[in-house]
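Trainee: Could you take me closely through one helix of this model and then follow its contacts outward, step by step? I would like the reasoning spelled out where a cut-off decides the matter.

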Amino acid sequence: MPPWGSTSHSDPYCMTPQRTIHKDATRHAAALLSLLSLLVAWSCGHRPTTPATDETATDTVAFRYARLISIVRHDGYTEARVANPWKEGKTLHTYLLVPHGAPVPHTTTPAGATIVRTPLRRSIIFTSVHAALAAELGAQQQVAGVADRKYIKVPFVQEGCANGTLTDCGDGMNPLVEKIIDASADAILLSPFENSGGYGRLEDISIPLIECAEYMEQSPLARAEWMRFYGMLYGREHEADSLFALVDSSYHALQHLASTAATQPTVLMDKQTGSVWYVPGGRSTIGQMLADAHCCYPFADDDHSGSLALPFEAVLERAGEADVWLYRYDSKQPMTRRRLLAEQPGYSQLRPAREGTLYGCNVATSMFYEESPFRPDLLLQDFIAILHPDLTGLPRPRYYHKTD
C-alpha cells in the first residue's frame with residue numbers, strides 16, 4: 001500500500017488496550033446523530049448553498065485550513081500561488097486564471113507565472129482522486145483524457161476510454177505526449193514530487209501543468225479544502241465551496257460525536273508488505289484522523305508526517321495488544337482471516353487477529369483512494385462506527401468491513 005499522507009497532529013503515546021473515559025456518552029448523542037443524519041443525506045447528492053468561507057478582504061480568498069495555496073482576485077483575473085512543500089518560503093508555481101476572451105495582464109504578470117484560461121474545457125488528469133473530484137463537481141465533460149487509466153476506477157473515465165470519448169494518454173511516468181496534443185488539452189493536472197527532475201517533454205508543449213500539491217497539506221481538512229481551487233479552474237466554484245462546507249461541517253460533527261464515546265480503544269493500522277510494515281506517522285493525515293476518532297494510536301507520539309517503515313517485531317511490540325486492527329489490501333476477492341494469517345504466520349500473535357476484531361479495506365473494489373482525500377468525513381465516519389459501536393445510528397462502514 002502507498003504511504004500515508006502528511007498532517008500536523010500528534011497525541012501522547014498510549015498503550016493501554018482500552019481506556020474507559022468517564023463522560024456522559026448520551027448527553028449530546030441524540031442531537032449529534034440527528035445532525036449527522038442530515039449531513040449524510042446531503043452528501044448523497046445535495047449541496048448546501050452557503051459558501052465555505054467569507055473573504056477576509058475584497059481581493060483575497062480566505063482558506064480555513066490549507067496552507068500551501070493562496071488566492072487573490074484581481075480585476076479580470078485570479079492569481080493562485082502554490083507554496084513549495086519541500087522548500088520553506090519558496091513558491092512551487094504561480095497561476096493566473098484568466099477567463100476565455102479576457103486580456104492577459106502582461107504588465108502585472110509575476111515572473112514565471114503560468115496563464116490558465118478558465119474554465120478548463122479539455123483537461124488531462126493524471127490521478128484517480130482528481131478524476132473523482134471532477135465527477136463530484138459535475139465537470140466530467142471538461143475532462144478530455146487521463147493517464148494511468150488502469151488505476152482510475154471512476155466510472156466516467158472507464159466508460160469514456162472504452163467508447164473513445166476520452167483519450168488514454170498512457171503511463172503517467174511516461175505519457176504519450178502526442179495524444180495529449182491531439183486531444184487539444186488546455187491543462188494537465190498532475191502531482192508534483194520532491195526531486196522528481198521535472199516533467200520531461202510535458203514542459204515543452206506549452207500546455208499549463210497544474211501541480212496538485214494538496215497531498216502535502218498537514219491535515220485532512222486542509223487537503224480537502226483544495227477542492228475550492230479546482231472548482232475555480234473548472235468554473236465550478238459554487239459547487240466546490242458548497243461541497244467543502246458540507247465536508248467541514250460533517251467532519252467536525254463526527255469529531256464531536258466521537259469525543260462522547262465511553263471508551264478509547266487502541267487501533268493497529270495496515271499490514272506487512274514484503275519485509276516492511278508501513279504504519280501512519282503520528283503527524284500524518286491518518287494519524288490526525290485517528291485522534292479525531294477518539295482512539296489510542298500506538299504511534300501517535302511519532303512526529304513523521306508520512307509513513308514509518310518498521311519490521312514486524314517493532315509493530316508487534318508496540319501494537320500487538322491493540323483492540324482493533326484496520327488494514328488495507330488489494331484483491332478481487334474479499335480477504336478472509338485464514339488467508340490473512342497465511343500471508344504472515346506472525347499475525348497470529350496479534351490480539352485482534354486472535355479475537356477477530358479485524359476490518360479490511362479492499363482498495364481494488366472500493367473507492368477509498370478516489371473519495372477519501374476530498375471526503376475525509378466519510379473515512380472518519382468509518383473509523384468511528386468501527387471503533388465506537390456504542391455510538392449507534394451511524395451508517396454502515398463505507399470502506400472497511402469485518403474480516404471473517
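Mentor: In this predicted model, helix H2, which spans residues 128–136, has seven of its nine residues buried, so the helix is largely enclosed by the rest of the structure. The buried residues in H2 are Ser128, Val129, His130, Ala131, Ala132, Leu133 and Ala134; the word buried here means a relative accessible area under 20%. These buried residues pack against strand S7 (123–125) and strand S8 (143–146), and also against helix H3 (155–163), helix H6 (227–233) and H12. Just after H2, glycine 138 takes a positive phi of about 80 degrees.

Of the packing partners of H2, H12 is worth following further. Phenylalanine 368, in helix H12 (residues 368–371), and tyrosine 400, in strand S19 (residues 400–402), form a pair that links distant parts of the chain, 32 residues apart. The ring centres of phenylalanine 368 and tyrosine 400 lie 6.4 Å apart with the planes at 90 degrees, so this pair is edge-to-face; the centres have to lie within 6.5 Å for rings to pair, and planes over 60 degrees apart count as edge-to-face. Phenylalanine 368 is buried, with a relative accessible area of 2%, and tyrosine 400 is buried as well, at 1%.

By this rule for ring pairs, the count comes to 19 aromatic pairs. Phenylalanine 368 and tyrosine 369 form another edge-to-face pair, with 5.2 Å from centre to centre and 75 degrees between the planes, although tyrosine 369 is partly exposed, with a relative accessible area of 27%. Elsewhere, ring pairs link Trp277, Phe312, Trp325, Tyr327, Tyr329 and Tyr347 into a cluster.

Tyrosine 400 leads on to a sheet, through its strand S19. Four strands form this open sheet in the order S13-S17-S18-S19, with mixed pairing. Strand S13 (267–269) and S19 stand at its edges with a single partner strand each, so one side of each is left without a neighbour in the sheet. The twist from one strand to the next averages 25 degrees. Within the sheet, S13 and strand S17 (residues 324–329) run parallel and are joined by three bridges, and valine 267 stands opposite valine 324 in S17.

Tyrosine 400 also belongs to the largest nonpolar core, which has 99 residues and in which Trp226, Phe229, Trp325, Phe383 and Tyr400 are the residues with the most contacts inside it. Helix H7 (residues 237–258) gives the most to this core, with nine residues. If residues up to four places away in sequence are not counted, phenylalanine 383 touches Met269, Ile286, Met289, Leu290, Ala293, Leu326 and Tyr400. Apart from the largest core lies another, of 16 residues, among them Ala183, Leu190, Ile205 and Ile207.

Returning to H6, another of the packing partners of H2, one may add a contact of a further kind: the charged end of arginine 228 sits over the ring of phenylalanine 63, at 4.9 Å from the centre of that ring.

Terms used
Residues are numbered from 1 along each chain as its sequence is written. This is a predicted model: local features need pLDDT of at least 70, side-chain atom pairs count only at pLDDT 80 or more; totals for chains, interfaces and linings use all residues. Side-chain values use heavy atoms; hydrogens and water are left out. Rings of Phe, Tyr and Trp (its six-membered ring) pair if their centres lie within 6.5 Å; planes under 30 degrees apart count as stacked, over 60 as edge-to-face and the rest as tilted. Buried means under 20% relative accessible area, exposed over 50%, partly exposed in between (1.4 Å probe, protein chains only). Helices (H or I, at least four residues) and strands (E, at least two) are DSSP runs, numbered from the N terminus. A charge sits over a ring if NZ of Lys or CZ of Arg is within 6 Å of the ring centre and within 35 degrees of the ring normal. Contact means heavy atoms within 4.5 Å. Two strands pair if DSSP finds at least two bridges between them. Axes are lines fitted to C-alpha atoms, for helices over the stretch in contact, and angles run from 0 to 180 degrees between N-to-C directions. A nonpolar core is a set of buried Ala, Val, Leu, Ile, Met, Phe, Trp, Tyr and Cys residues joined through side-chain atoms within 4.5 Å.
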